[in-house]
Amino acid sequence: MKGIFLTIEGLDGAGKTTQVKLLQDWFREQGYDPLFTREPGGTKAGDVIRNLLLSREYTGLTSVAEALLYVASRAQLVAEVIRPALAQGRLVVCDRFVDSSIAYQAYGRGLPRDFVEEINRLATGGLLPRLTILLDLEPALREERLNRQGRPARDRLEAENGAFYTRVREGYLALARENRDRIKLIPARHSIEEVHRQVLEHITRIL
Ligand code: TYD
């Protein structure tokens with residue numbers, strides 16, 4: 001595969017959306033034409049799965065059902081969008097990928113990690129990003145930020161408690177320790193500009 005695959009990860013509230021927006025602008029200014037996509041969703045079937053997963057109507061989803069739905073959305077995205085774009089030599093940037101499954105479903109929900117890894121391998125055919133930017137945020141700071149914004153929980157997962165996010169973050173930190181070459185951690189408590197600068201530092205190194 002000729003293209004380059006990048007992903008962005010982090011707790012909800014870490015500023016992922018802002019950084020993706022800044023990155024889009026930067027790529028445009030530099031004359032690159034990357035494909036930006038996000039999970040869950042990014043395909044027609046995936047967007048239906050996204051609504052199901054994030055809607056607060058379905059509070060009774062079991063952890064296994066939830067894990068399989070995220071992975072179903074991912075399988076579709078990899079087959080329909082990511083692999084074809086990489087085969088054309090494009091740069092692909094994805095907001096969340098397999099690391100989210102491991103952090104949220106294995107560490108957060110407590111599913112066995114090897115189960116979560118196995119279903120992801122099936123869904124992706126073993127595709128891994130060349131570089132993953134992890135915006136790392138302490139859960140306490142996350143709550144403080146969301147409270148300051150007066151932002152109510154937007155979806156089913158944001159309504160989870162602090163202990164859940166502490167476990168998710170531990171998952172991300174474990175992944176970062178195990179994959180030092182691929183996953184680059186950036187403390188999200190820095191200013192937006194400083195985080196953006198560090199993101200670019202990692203990205204320009206691999207372009
Ligand atoms: P997202 O739309 O990226 O929300 P945010 O912009 O707040 O980060 O993600 C939706 C939620 O889905 C988020 O709480 C994380 C969760 N999620 C998982 O639990 N597992 C997964 O595999 C993915 C991709 C997301």
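**Note on salt bridges, a buried helix and a helix crossing**

1. The side chains of R182 and D99 meet in a salt bridge, with 2.9 Å from N to O. This pair links distant parts of the chain, since R182 sits in the loop between α7 and β5 while D99 belongs to helix α4, 83 residues apart. Both partners, R182 and D99, are buried. The model discussed here is a predicted one, and every value in this note should be read with that in mind.

2. The helix that carries D99 deserves a paragraph of its own. Of the 11 residues of helix α4, which covers residues 98-108, 10 are buried, so the helix is largely enclosed by the rest of the structure. The buried residues are V98, D99, S100, S101, I102, A103, Y104, Q105, A106 and G108. What covers them includes the strands β1 (4-10), β4 (131-136) and β5 (183-187), together with the helices α3 (63-87), α5 (113-124) and α7 (162-178). Just after α4, the backbone at G110 takes a positive phi of about 90°.

3. A second salt bridge joins two of the helices that help to cover α4: E178 pairs with R113, and their closest N and O atoms are 2.7 Å apart. E178 lies in helix α7 and R113 in helix α5, so this pair ties together parts of the chain that are 65 residues apart in sequence. Are these two side chains placed like the buried pair of point 1, or otherwise? E178 has a relative accessibility of 46% and counts as partly exposed, and R113, at 23%, also counts as partly exposed.

4. Within a single helix, R148 forms a salt bridge with E144, the closest N and O atoms being 3.5 Å apart. Both residues lie in helix α6 (residues 139-148), 4 residues apart, which is about one turn of the helix. An α-helix has 3.6 residues a turn, so residues three or four places apart point the same way. R148 counts as exposed at 62% relative accessibility, whereas E144, with a relative accessible area of 44%, is partly exposed.

5. The count of salt bridges in the model comes to 17. Beyond the pairs described above, E194, R197, E201 and R205 are linked in a network of salt bridges.

6. Which charged residue is buried yet has no salt bridge? That description fits R50, for which the nearest side chain of opposite charge, D47, is 5.8 Å away; a salt bridge would require a side-chain nitrogen within 4 Å of a carboxyl oxygen. R50 is placed in helix α2 (residues 44-54). Leaving aside its neighbours within four places in sequence, R50 is in contact with R38, E39, P40 and G41.

7. The last point concerns the packing of two helices, which is described by the angle between their axes and the distance between the axes. The axes of helix α1 (residues 16-30) and helix α8 (residues 192-206) come within 10 Å and cross at roughly 55°, and α1 and α8 are therefore oblique to each other. The crossing of α1 and α8 is right-handed. On the α1 side the contact is made by T18, Q19, L22, L23, W26 and F27, and on the α8 side by I192, V195, H196, V199, L200, I203 and T204.

Conventions:
Residues are numbered from 1 along each chain as its sequence is written. This is a predicted model: local features need pLDDT of at least 70, side-chain atom pairs count only at pLDDT 80 or more; totals for chains, interfaces and linings use all residues. Side-chain values use heavy atoms; hydrogens and water are left out. Buried means under 20% relative accessible area, exposed over 50%, partly exposed in between (1.4 Å probe, protein chains only). Contact means heavy atoms within 4.5 Å. Lys and Arg count as positive and Asp and Glu as negative; His and the chain ends are not counted. Axes are lines fitted to C-alpha atoms, for helices over the stretch in contact, and angles run from 0 to 180 degrees between N-to-C directions. Angles under 35 degrees count as roughly parallel, over 145 as roughly antiparallel, 65 to 115 as roughly perpendicular and the rest as oblique. A crossing is left-handed if the near helix is turned anticlockwise from the far one by less than a right angle, and right-handed if clockwise.
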